[in-house]
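Subject: Structure handover

Hello,

Here is the structure I promised to pass on. Please open it first, then read my notes below.

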Amino acid sequence: MSRIGKKPVDLPAGVSASVSGQTIEVKGPKGTRAFKATDDVTLTVEDNVVTITPRGKSKRARQQWGMSRTMVENLVTGVTDGFKKELEIQGVGYRAAMNGNTLRLNLGLSHDVDYTPPEGVTVTAPKQTEIIVEGIDEQLVGQVAANIRQWRKPEPYKGKGIRYKGEFVFRKEGKKK
């Protein structure tokens, strides 16, 4: 039995869900999101509660049961609160600034890096050393944050680079004279 799949997903006030076939569509104050489940699970909505049940006892049905429940919960969280990733920039001369809708990164390269976020994701730079990525799609927010971090990953000797807020970077000692 899936411990995650057994729990029903509650719909808070202001959020509605509708099921058509294997697709569930969730509408909330921040927007609309949809998820298409596999044929191994059954989705039902009743009394502001979404329940997911497996069809059969196969291993795949049990795997999809917990995963589908988590995906539906992420839809509800996205349309109510949204998702947020915070990045920090460390290094002398490394900075970020917004230029209209484009994020301009100065990372010690021979050129500035311009990054335009995809539709549905908002990128802001409240300080020169902070970047905040927000949106209603958890996968897309995480991917945008990873793409920005990819330009200059934190290195282990001086700790310079772009890191997630609160990320620990294992430091190395370096050469001895």
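A definition to start: two strands pair if DSSP finds at least two bridges between them. With that in hand, look at strand 12, where Ile132 is the bridge partner of Thr124. Strand 11 and strand 12 pair in the antiparallel sense, over 4 bridges. Please keep in mind that this is a predicted model.

**The sheet**

Strands 11 and 12 belong to an open sheet of 4 strands. The order is 11-12-7-13, and the pairing is antiparallel. Strand 11 and strand 13 (161–164) are the edge strands. Each of these two pairs on one side only. On average, neighbouring strands of this sheet are turned by 20° against each other, direction ignored.

**The hairpin**

Strand 3 (residues 23–28) and strand 4 (residues 31–36) form another antiparallel pair, joined by 6 bridges. Together, strand 3 and strand 4 make a hairpin, with 2 residues between them. One bridge to look up: Val26 has Arg33 of strand 4 as its partner.

**The cores**

The largest nonpolar core has 20 residues. Which of them touch the most other members? They are Leu103, Leu105, Val123, Ile131, Val133 and Ile148. At least two residues of this core come from each of strand 7 (83–90), strand 9 (102–106), strand 10 (113–115), strand 11 (121–124), strand 12 (130–135) and helix 3 (138–150). Helix 3 gives the most, with 4 residues.

Another core lies apart from this one. That core has 17 residues, among them Val9, Ile24, Phe35 and Val76.

Leu103 is a good place to zoom in. Leaving out residues up to four places away in sequence, Leu103 touches Ala96, Ala97, Met98, Val113, Asp114, Tyr115, Val123, Ala125, Ile131 and Ile148.

**Helix 2**

How far apart are the end C-alpha atoms of helix 2 (residues 59–80)? They are 33 Å apart. At 1.5 Å a residue, the 22 residues of helix 2 should span 32 Å, so the two values agree. Several residues of helix 2 are buried, including Ala61, Trp65, Arg69, Val72, Leu75, Val76 and Val79. Gln64, Gly66, Ser68 and Gly78 of helix 2 are buried too. Val76 also appears in the core of 17 residues. After helix 2 comes Gly82, with a positive phi near 85°.

Best wishes

Note on methods:
Residues are numbered from 1 along each chain as its sequence is written. This is a predicted model: local features need pLDDT of at least 70, side-chain atom pairs count only at pLDDT 80 or more; totals for chains, interfaces and linings use all residues. Side-chain values use heavy atoms; hydrogens and water are left out. A nonpolar core is a set of buried Ala, Val, Leu, Ile, Met, Phe, Trp, Tyr and Cys residues joined through side-chain atoms within 4.5 Å. Buried means under 20% relative accessible area, exposed over 50%, partly exposed in between (1.4 Å probe, protein chains only). Contact means heavy atoms within 4.5 Å. The expected span of a helix is 1.5 Å times one less than its number of residues. Axes are lines fitted to C-alpha atoms, for helices over the stretch in contact, and angles run from 0 to 180 degrees between N-to-C directions.
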